[in-house]
Protein chains: 4
Amino acid sequence: MASSTTSPIGNASGSPRPDGVAGRVSTTSGKGTGTLADRYRSVRELTETLAAPLSPEDQTVQSMPDVSPTKWHRAHVSWFFETFILRESLSGYRAFHPVYEYLFNSYYEGVGDRYPRPRRGVVSRPGVSEVTAYRAHVDEAMDMFLERRLEPDQYYLVDLGLHHEQQHQELVLMDIKHVLSCNPIQPAYTTLQAVEPSVGPSSELVEHAGGMVDVGHDGQGFAFDNESPRHGEFLEPFALEARPVTCAEWMAFIDDAGYRRPELWLSDGWAAVKTENWEAPEYWSWVDDRWWSFTLGGPKHVDPAEPVCHVSYYEADAYARWAGARLPTEAEWEAAAAFAPRSLPRSNFLDTRVLHPRPVGAQSSMFGDVWQWTSSSYSPYPGFRPAEGAVGEYNGKFMVNQYVLRGGCCVTPEGHVRPTYRNFFPPAARWAFSGLRLAHDL
Amino acid sequence: MASSTTSPIGNASGSPRPDGVAGRVSTTSGKGTGTLADRYRSVRELTETLAAPLSPEDQTVQSMPDVSPTKWHRAHVSWFFETFILRESLSGYRAFHPVYEYLFNSYYEGVGDRYPRPRRGVVSRPGVSEVTAYRAHVDEAMDMFLERRLEPDQYYLVDLGLHHEQQHQELVLMDIKHVLSCNPIQPAYTTLQAVEPSVGPSSELVEHAGGMVDVGHDGQGFAFDNESPRHGEFLEPFALEARPVTCAEWMAFIDDAGYRRPELWLSDGWAAVKTENWEAPEYWSWVDDRWWSFTLGGPKHVDPAEPVCHVSYYEADAYARWAGARLPTEAEWEAAAAFAPRSLPRSNFLDTRVLHPRPVGAQSSMFGDVWQWTSSSYSPYPGFRPAEGAVGEYNGKFMVNQYVLRGGCCVTPEGHVRPTYRNFFPPAARWAFSGLRLAHDL
Amino acid sequence: MASSTTSPIGNASGSPRPDGVAGRVSTTSGKGTGTLADRYRSVRELTETLAAPLSPEDQTVQSMPDVSPTKWHRAHVSWFFETFILRESLSGYRAFHPVYEYLFNSYYEGVGDRYPRPRRGVVSRPGVSEVTAYRAHVDEAMDMFLERRLEPDQYYLVDLGLHHEQQHQELVLMDIKHVLSCNPIQPAYTTLQAVEPSVGPSSELVEHAGGMVDVGHDGQGFAFDNESPRHGEFLEPFALEARPVTCAEWMAFIDDAGYRRPELWLSDGWAAVKTENWEAPEYWSWVDDRWWSFTLGGPKHVDPAEPVCHVSYYEADAYARWAGARLPTEAEWEAAAAFAPRSLPRSNFLDTRVLHPRPVGAQSSMFGDVWQWTSSSYSPYPGFRPAEGAVGEYNGKFMVNQYVLRGGCCVTPEGHVRPTYRNFFPPAARWAFSGLRLAHDL
Amino acid sequence: MASSTTSPIGNASGSPRPDGVAGRVSTTSGKGTGTLADRYRSVRELTETLAAPLSPEDQTVQSMPDVSPTKWHRAHVSWFFETFILRESLSGYRAFHPVYEYLFNSYYEGVGDRYPRPRRGVVSRPGVSEVTAYRAHVDEAMDMFLERRLEPDQYYLVDLGLHHEQQHQELVLMDIKHVLSCNPIQPAYTTLQAVEPSVGPSSELVEHAGGMVDVGHDGQGFAFDNESPRHGEFLEPFALEARPVTCAEWMAFIDDAGYRRPELWLSDGWAAVKTENWEAPEYWSWVDDRWWSFTLGGPKHVDPAEPVCHVSYYEADAYARWAGARLPTEAEWEAAAAFAPRSLPRSNFLDTRVLHPRPVGAQSSMFGDVWQWTSSSYSPYPGFRPAEGAVGEYNGKFMVNQYVLRGGCCVTPEGHVRPTYRNFFPPAARWAFSGLRLAHDL
């Protein structure tokens, strides 16, 4: 098997190309201060930092088909650079292992066959240390590549690869939370910071006059293809609550038989309630006369002031109906985010290392803590065109049977989300850090 | 068991209410010439006419969970009148059978428990003749009820019941087509009229300038709750093809490996292709070097000039991508329908008794022949409020995981559809008479 | 489609063969008094008598994959004669319909493809009246065939066909009981004779000294291939209870938490208890503080003195363990049956038309009322050879994953069972009329 | 969490009991030279030796529900000693971890709830090093326990625990072979010894006169409860082939369309062929015009002279039918083994470290290389009584839906099998080292 001490470039005489500068163009998105190579190193390091507390055994497990093993994530994001950049554009690049192209392809039909997703957890090798060597191999080659003057589409692909890896950083944490939750020992990923339990204030409404609004990315800085083109939509007047729904409110929903009243639910949602025996959000359990939640720090009491998290679209929709409200459309959410006051509390993203939603104030940021379900089915914007080539499979082919979430959450890398950022999950999914913010007609 | 010779009214002294006139208010929708009682009789008779060619055995079978037995349809639409009108509003009404409330409830949680849908085909009794007696019992009571002066909400409920029965008339034909198709003997529902095979002309584009359009029902005549409220939407300029996609065009898609190229498909669609082994539209088979289609008249050669039918949303979407086009949104479709020329060929609805899509001309009606998939997820219009009570479950609770179809088809009762009418099916469904009409960006 | 008025013989000049006598050899099995042609007519008529109370709708339904529609049974047993006798041995025979060979083949791989068993309930056509015509067509041809002097193997095949039809007579009743039980209306197949409720006496033991015994059919009269060859087996001394386990005893098992104590169950049995939510025999329900059972006469109170019926092998085994006993092996059962006193009460087979197990006396016949599970896996006797040709698939290929039952039941045609007769079902099956008789080591 | 440096005995004053000798009674089974404590250490060490080549990732994976992770096996066999000996009989014993009782219970209902078997692969913690600590903790306590004078039932339980661990040693290798086979990289567990490819001689028949034979264990040395009581059975004359069926013979079966001819198969077997797409034994693949087999040493060419391995009961039965032979009953096999000549080649068990079946000579041992399917359903011997208490669940409750295999295989620890040893698997299982030896009627 290939070893990490081998040079990733077969032709050892590869010149250093000292005149290459394109790789150093400063970026306008994210933290934005360094070169692309700096950002590359920074993003890659964060992945390893997140995996560091996890043993080889932890990194191997797949607890359900939607979850991937940590070591798979670490390898797959490297495969992305290897496949779309190094194989294509770095002359003489030697792939680390001939089978990895097959093993770490997630879903790109254009690249060839791939190993079945639900079976990722039965692949014990490559192990953690070999994945580490694979990452080093790719990093070494990428260092050489980033020395060069990049073409715009090469720059875009590296940028895409970094945003792709950030998405998987969030998935690493989402997924390991599910893995550990399946263990009767209830182990912790890490020790969470203690946060004072608190009582959340009542919510306020922020009104919006409606009318024509612009939706979608304006082209400044990085965005995924699904955020374009920017286009006009017409909105009726509406109001959005100033903060997400809290656990205290959700407990009231439970106490009011929310999970036992079919009239509150979409038909498919009610079927899920009965099939899956939902009685509370994912990870909640009722023990010793109170609600507990399994967190990345292990089991803890549910804090009533926290935004509710790990609810499906079906639950969010039912809750909104119970509350006499509704979910916002993604256009409403984006329009509201564009007008949101700048003086809000700082968002709770991954960089705070809280790794859990924080109690909300009367007003809170539109961003962070919990992804917010919208009522919008994930579909193409008018005039949408996927990227050329296999990376065009990144977003477009998932535009069915999914609903859009906005805003990012406590395990989203800072700088990764934008007001126009469209996350999406099937309506029954609960293992993402997903909550909701209510909307009202005016 | 109750008999059809028993009066449906326990109290024989029920006065005839000769002054009742509300039931005779002429309606503004549908054929519109008769009283409500006339329309009631007409709709009810059509159901029986459609069932007449079917034996008791035919009427008993359920060939898949989505399909219901004919005799179930005939009973369920009667249950609707019994449950929402007679039990509620006809004093002294005696239900025909105590178990029917349970047995013929389709999905109304507000009415109580119901018999499981996928098991409708294991209920041999009541048999066909007893269902006929049940219908007569309900009709007799409805005759008495319709003699009265109706309150507006009573009038609405009768009207709703009639449109509900019309929907089930279409389902009777869709469903029995599926039932008969499962039989290796390939029996015919009826003898279809011979239609001259023909070659369809190439399609033309009808352009639309976009901008603000009104979408939804304007309140004149009957409409379902899901068509309201009427509201503004902003559209980019677009063009719609002047006719649906034909079988000739679909064969070109097949010949170009349309069912074998994952890059044409949504991810879920491609999974369906592989799981379901789709290679052509539902009911098509390749025998003796040509395409055959199973129809309500039994197997026949595919006519290239006919609109393609029995394709899923996934197939419609893949075809559009292959053709360099897209599906229209439902707002685009509705805007186009509002401007459609009046001089088009007469639509092919159920009343033509063709019971199959007809070959298309260069321009064809926006209506009839085949339901047309739109790219719009079925979701509530801004400000949507479901009807009060259990009939509020009619539409709203299905607004997830489904896509909207427009225009009606060759087995839709005439007068049942409108430009604002929203039909919907899950994206993998193929047993409806579903086709497509392409849209283009301008 | 072929009509029943058409002669089944294409060549009208077929000679009547007046010298044919082999078909009139009197049989030594069954009631034994008539010619083979007489027996043919008698068996065929009984099938129609059993189907007579069932409507076309009743005869169409398949309530689970193991159950077949009545009209399928009626056609399949005719297919057996058509396939193995008429097509093979009656020159000029014209098959009734070209697709029936495919449609009514149950499981004979040697005959060709067949329609999938779990989909028999979706075939509405041929309907009941056409199946009647099919039967008449086959009967007419068989009448001609039975006029002839038959070769021994032809005689055997007709005899086999008659025993085959008798097996399906039992299945018609077993299966329709399941069909009707799925109907919330709980309809009756017929009105059962009233039987006085009674209290069963305690059971007595009948001891057997063990040693070498002969097992299997001795060649006198008809037997299936699986009953041969007759061979020696060595038995330890044992005792068999003089009557089957009663409902009263079963209620004591239930009351003693029999369905909730895993230590009483085989591992696979306990899994079935939990998966299938078994709490009592099939068709039992606890309503208004007492046990009811669904019968061919509709719901009735459980009579404590009746043999318990509709229990699986798993339940029979668990009950025996609870009772400190065990199930007998089939060799023990057969040895005991060979020594059983001749003065026992007459057996309750189909001809009594009780159609339900009768209360037991202190001693009861080894035969009738309920099939009795044995602990013997269904496997070939030493030296077993299946019959030649496709009819060799009759028994041998099912000799795995099934357990043997002995003795016949209240819906078994009289004369159909023998002491050596081996019935068999998978260990989780409950829709047969299956009970148990306990054995003890000595 | 408990640490391995903590004494397993809470009460430090536990006296050493220098007069204890029962633990040193020499055993009459197995290699038989050491004390029980010596054997304990020897068996426990072998488990660790077998796990040593496996990484933490390897030891974590469960590739199908029947397979368990290596670290689960290592912990479960320790749990057996902890649960049935240390908790019961070692005063002051402190369990290593409170959740392990739940986590490492395999199927003992009498011990309490247990973690679901199909989910063993999602438990990343305890990891490999913690399992090692658990084993050390148990070993330390067992050392103290084995210093004592043991009661006979205590001696039996330790002996049972050691044979239990030997069974799991075989499972460790069977299971990891399956795990590694699922990996597209096709990794090896270890480097196999090179064995010369060879051509196997034709087989010879060994005749047996039949008559009364004794079957079951005679009470000398250890045996499982399912091998008792010893009892008489009557056999017809038969012959057994002198060696197992070889790969060369199996290739002839494949070439003769063995996997495509339903007449060769049991009905359930044929269903498995079609459902599972069987075309050859498990682990075989046809690449570059020859058969390859995945082994514990990675992929290698199939050696025609080796016994065929990894075939199901269904395949063994079909092969035997194709070959005009049959599988032996377990009584036949045991009778033949009792008479087998003593001068046969030494058996290929785990201690040879070949880890793969070896080419066979014209005569070969009845033992080793491959487990041999018999035609006998796994059922209790006459008079069988399971052991008292929860260990009584060891064997008896699996006596349904399984078939007996005899003789041990190349990964069975030497000294673990006996002529009376009954292994068993469901008829579709293929991941055991299972082959066959043909029998013939005389």
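A salt bridge here is a side-chain nitrogen of Lys or Arg within 4 Å of a carboxyl oxygen of Asp or Glu. In this predicted model, D:E109 and D:R114 satisfy that rule, with their closest N and O atoms 3.1 Å apart. D:E109 has 23% relative accessibility and D:R114 has 28%; because buried means under 20% and exposed over 50%, D:E109 counts as partly exposed, and so does D:R114. Salt bridges that share partners also build a network in chain A, joining A:R44, A:E48, A:R74, A:R135, A:D139 and A:E165.

One link of that network can be followed in detail. The side chains of A:R44 and A:D139 meet in a salt bridge at 2.7 Å, N to O. This pair ties together distant parts of the chain, since A:R44 lies in helix α1 (residues 36-51) of chain A and A:D139 in helix α4 of chain A, 95 residues apart. A:R44 is at 2% relative accessibility and therefore counts as buried. In chain B, B:R261 forms a salt bridge with B:D256, and the closest N and O atoms are 2.9 Å apart. Here B:R261 is partly exposed at 24% relative accessibility, and B:D256 is partly exposed at 35%. Over all chains, the structure holds 104 salt bridges.

Some of the salt bridges cross between chains. Between chain A and chain D the count is 2. In one of them, the side chains of D:D58 and A:R125 meet at 2.8 Å, N to O. Across this interface there are also 14 residue pairs in polar contact. Helices α3 (100-103), α4 (128-146) and α5 (152-181) of chain A each supply at least two residues of the side that touches chain D. The largest share, 3 residues, comes from α3(A). By class, this side of chain A has 21 nonpolar, 9 polar and 5 charged residues.

The contact between these two chains takes 35 residues from chain A and 35 residues from chain D. Chain A and chain D bury about 2400 Å² between them, with carbon and sulfur atoms giving 59%. On the chain A side, A:E57, A:R125 and A:I185 lose the most area to chain D, together 29% of what that side buries. A:R125 is thus named both here and in the salt bridge with D:D58.

Chain A also meets chain B, through 28 residues from chain A and 28 residues from chain B. About 2100 Å² is buried between them, 53% of it on carbon and sulfur atoms. A:E109, A:V400 and A:N401 supply 22% of the area that chain A buries there, more than any other three residues. This interface has 2 salt bridges, one of which joins the side chains of B:R385 and A:D441 at 3.5 Å, N to O. It also has 8 residue pairs in polar contact. Elements β3 (231-235), α7 (267-276) and α8 (313-322) of chain A each supply at least two residues of the side that touches chain B, and α7(A) gives the largest share, 4 residues. That side of chain A has 14 nonpolar, 7 polar and 7 charged residues.

Within chain C, strand β8 (residues 371-377) is mostly covered, with 6 of its 7 residues buried. The strand β8(C) runs parallel to strand β11 (residues 434-435) of chain C, joined by 2 bridges, and antiparallel to strand β9 (residues 403-406) of chain C, joined by 3 bridges. C:Q372 takes part in both pairings: this residue stands opposite C:G435 in β11(C), and its bridge partner in β9(C) is C:R406.

How values were computed. Residues are numbered from 1 along each chain as its sequence is written. Chains are lettered from A and ligands numbered from 1 in the order in which they are written. This is a predicted model: local features need pLDDT of at least 70, side-chain atom pairs count only at pLDDT 80 or more; totals for chains, interfaces and linings use all residues. Side-chain values use heavy atoms; hydrogens and water are left out. Buried means under 20% relative accessible area, exposed over 50%, partly exposed in between (1.4 Å probe, protein chains only). Two strands pair if DSSP finds at least two bridges between them. Contact means heavy atoms within 4.5 Å. Buried area is the accessible area (1.4 Å probe) that two parts lose on being put together, summed over both. A polar contact is a pair of N or O atoms within 3.5 Å; within protein, one must be able to donate a hydrogen and the other to accept it, and residues adjacent in sequence count only if both atoms are side-chain atoms. Ala, Val, Leu, Ile, Met, Phe, Trp, Tyr, Cys and Pro count as nonpolar, Asp, Glu, Lys and Arg as charged, and the others, Gly among them, as polar.
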